Structure formats: structure tokens, C-alpha cells
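Student: Please take one part of this model and look at it closely, working from a single residue outward to its surroundings. I would like the reasoning behind each statement to be visible.

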Amino acid sequence: MISIITAIYNQLDMNKLFWKYLKKYTDSAFELIIIDNCSTDGSREFFESLSKENVIVIANKENYSYPHCQNQGIQVARYEFLVFLNNDLLVSSHWDSRMLQVLGKDGRDVVSFGTNDRLVNKTISKKVQKHWKRIKYPIITLFGQTTFSLKLMTYLCYGNWEKYTEKIFKTYGLSLTEGFSGSCIAMNRSAIIKIGEWDISQQGADFDIFFRTCNRSETIGDIKPLTVINGVYIHHFRRLTLYQKYPSFADAANLRSIEEKWGKEKITRWLKIVNFS
């Protein structure tokens with residue numbers, strides 16, 4: 001069984017599509033923990049209506065940073081495997097079963113997934129990203145962010161979703177590449193013991209998790225750096241959240257830069273692993 005933790009602020013149509021794919025394509029029994037940061041469009045009420053589906057809603061009275069929300073989810077999560085998913089994602093068939101074949105094995109206590117943000121290598125990633133941008137921006141301009149436009153973008157990008165994602169799995173399988181897609185990260189309880197919960201000072205928390213696994217791997221050696229499972233594909237709608245006008249973070253005073261925490265030398269060295277530099 002797995003605990004899925006997702007922070008939201010509005011985006012009702014996206015939330016409904018996210019739930020539809022999660023429900024349809026997840027093999028394992030799961031709980032979905034929603035951290036709602038004062039949604040005003042019915043998103044909180046939508047997830048609250050799914051309480052019989054093992055959906056738990058934590059309703060914040062203010063808008064909190066990403067790592068703060070993830071830790072809220074950890075505090076109530078019941079299961080061994082924790083998956084942190086953005087709400088603007090579409091999972092694929094057997095994503096969780098395939099993840100569980102890797103997570104916790106051979107020091108892989110933190111993993112990520114192949115997405116249109118990061119897939120196998122820089123060249124392929126750029127090709128997928130370019131294709132997605134050609135589709136996304138005209139559709140958003142014409143139709144806005146609606147259920148219709150989200151489904152249309154997905155169809156134009158992939159055609160048959162199940163065939164597309166199965167082709168990726170057949171091509172890349174459970175092969176691994178060090179790096180991450182920040183929108184979808186999974187870990188087990190052992191990882192939390194080794195590297196701790198999310199650092200509430202780091203809004204760029206995905207980079208921080210990656211750096212912490214790299215640091216632990218170098219200094220202690222009991223965990224591998226955060227790794228992408230190349231063949232398990234998840235679509236990320238990429239930056240749709242930038243169209244939202246968010247309230248200020250209630251914990252903004254606690255946040256500091258990633259450079260302040262890790263220093264330029266370590267950041268430069270570790271980013272070379274994932275070709276972000």
C-alpha cells in the first residue's frame with residue numbers, strides 16, 4: 001500500500017483529471033492525502049467528497065510552501081511507501097507496481113519517474129518538451145485551462161495514452177538514470193530516516209532532495225542519489241500553475257536559497273550528474 005501526497009491550490013478541472021488517471025491506473029491500494037492551501041474554486045470540496053475513496057484532506061487556513069505541505073502529508077501518512085505528486089500530472093498504467101520493483105532495492109530509497117521534464121537524456125527530453133510546447137500554448141490561448149483543453153492537449157501530444165506509455169516502458173523498462181523529475185518523487189520510510197523530511201527552508205525542494213541524496217551517498221554510502229525510472233512515464237502539464245495567482249506563503253520568512261544552503265561548488269558538481277548545469 002502507498003501514501004500519495006499532493007498539495008493543491010485551485011485548478012479544479014486539473015484536479016479532477018489527476019484523480020481520474022490516478023484511480024484508473026494505480027494498481028496498489030492507496031491513500032491520497034491532499035494538502036489544500038485555501039482553494040476557492042471547489043477543489044477542496046471535490047476531494048472531500050471522495051472520503052470513501054480513502055482520500056484525506058488537510059485544509060490549511062493559509063498558503064504554505066511546497067516542503068511544508070509535503071511534511072504535513074508525511075505526518076498523517078500510514079504506509080511504508082510515500083509518493084509526492086504534483087496535481088498537474090497524469091500517471092500511466094502500472095506506474096506504481098513498476099516503481100515498487102525498484103524502490104527500496106540496492107540503496108534506491110528515493111526515486112523519480114520519466115516525464116516530459118526529463119526522459120532518459122537531454123536530447124530526448126528536449127525533443128519531447130518542444131513537441132509539448134507546440135501543442136500546449138495554442139490550446140491554452142484558444143480554450144483556457146478547462147477539462148476539454150487538458151484532454152485535447154493530451155490527445156494531440158500522445159494519441160492513445162496507454163499505447164504511448166507502454167511503448168516507452170518496452171523501450172526503457174526499469175533502466176535508471178541519476179537525476180529527477182521534481183513533479184513526482186517517491187521514497188520509503190528508510191529514506192526519511194537517512195536524509196530526513198523535506199527541508200522547510202527550501203522552496204526548490206526537489207533539487208534539495210536530490211542534493212541530500214548525493215551528499216549522503218558520498219559521506220555515508222547507505223543510499224544512492226535520486227534516480228529516474230526511465231520507462232515509467234508520467235505526463236506533467238508543465239507550468240500551468242504559473243497561470244494561477246497564489247496568495248503569499250505564510251512561511252515565506254523561513255525560506256532561503258539553495259545556494260545559501262549548499263554552496264556553489266557542491267551544486268555545480270552535483271548538477272553535472274543530471275546535465276542541468
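Tutor: A helix is here a DSSP run of H or I with at least four residues, and helices are numbered from the N terminus. In that sense Val274 is found in helix α11, and this residue is a convenient place to begin, with the reservation that the model is a predicted one.

Val274 has a relative accessible area of 1%, and because the limit for a buried residue is under 20%, it counts as buried. Leaving aside residues up to four places away in sequence, Val274 touches Arg118, Glu178, Gly179 and Phe210. Its C-alpha atom is 8.6 Å from that of Lys122, although the two residues are 152 residues apart in sequence.

From Val274 we can widen the view to its helix, α11, which comprises residues 264-274. Val274 shares its burial with Ile267, Trp270 and Leu271 of α11. Seen down the helix axis, these buried residues fall within an arc of 105°, so they line one face of α11. A general property of helices is relevant here: an α-helix has 3.6 residues a turn, so residues three or four places apart point the same way. On the other side of α11, Glu265 and Lys272 are exposed. The buried residues of α11 pack against β7 (176-178), α9 and α10 (258-262).

Of these partners, α9 (residues 205-219) deserves a separate look. The axes of α9 and α11 come within 11 Å and cross at roughly 100°, and since angles from 65 to 115 degrees count as roughly perpendicular, that is how the two helices are arranged with respect to each other. From α9, the residues Phe207, Phe210, Phe211, Cys214, Asn215 and Glu218 take part in the contact, and they meet Lys266, Ile267, Arg269, Trp270, Leu271, Ile273 and Val274 in α11. The residues of this contact divide into nine nonpolar, one polar and three charged. Phe210 of α9 is thus also one of the residues that Val274 touches.

Moving along the chain to the loop between α8 (189-195) and α9, we meet Gln203 and Gly204. Gln203 has a relative accessible area of 35%, which is why it is classed as partly exposed, and Gly204, at 33% relative accessibility, likewise counts as partly exposed. Apart from residues up to four places away in sequence, Gln203 touches Ser65, Tyr66, Pro67, Phe249 and Leu255. The C-alpha atoms of Gln203 and Asn254 are separated by 9.8 Å, with their positions 51 residues apart along the chain. For Gly204, the C-alpha separation from Cys157 is 28 Å, at a distance of 47 residues along the chain.

Cys157 in turn leads to α6, which has twelve residues (147-158); at 1.5 Å a residue they should span 16 Å, and because the end C-alpha atoms are 17 Å apart, the model agrees with that expectation. In α6, Cys157 is buried, as are Ser149, Leu150, Met153, Thr154 and Tyr158. These buried residues cover an arc of only 140° around the axis, which puts them on the same side of α6. The elements that cover them include α1 (12-25), β5 (89-90), α5 (122-143), α7 (161-172) and β9 (227-236). Just after α6, Gly159 takes a positive phi of about 70°.

The contact between α6 and α5 can also be read from the other helix, since what covers the buried residues of α5 includes α6 and β9. Those buried residues are Ser125, Val128, Gln129, Trp132, Ile135, Lys136, Ile139 and Ile140. The length of α5 can be checked in a similar manner: its 22 residues should span 32 Å at 1.5 Å a residue, and because its end C-alpha atoms lie 31 Å apart, the two values agree. By contrast with the buried residues, Lys130, which also lies in α5, has 55% relative accessibility, so it counts as exposed.

Finally, the backbone leading into α5 has a feature worth inspecting. Val120 lies in the loop between β6 and α5, and it has a positive phi of about 65° although it is not a glycine.

Note on methods. Residues are numbered from 1 along each chain as its sequence is written. This is a predicted model: local features need pLDDT of at least 70, side-chain atom pairs count only at pLDDT 80 or more; totals for chains, interfaces and linings use all residues. Side-chain values use heavy atoms; hydrogens and water are left out. The expected span of a helix is 1.5 Å times one less than its number of residues. Buried means under 20% relative accessible area, exposed over 50%, partly exposed in between (1.4 Å probe, protein chains only). The arc is that of the directions from the helix axis to the C-beta atoms. Contact means heavy atoms within 4.5 Å. Axes are lines fitted to C-alpha atoms, for helices over the stretch in contact, and angles run from 0 to 180 degrees between N-to-C directions. Angles under 35 degrees count as roughly parallel, over 145 as roughly antiparallel, 65 to 115 as roughly perpendicular and the rest as oblique. Ala, Val, Leu, Ile, Met, Phe, Trp, Tyr, Cys and Pro count as nonpolar, Asp, Glu, Lys and Arg as charged, and the others, Gly among them, as polar.
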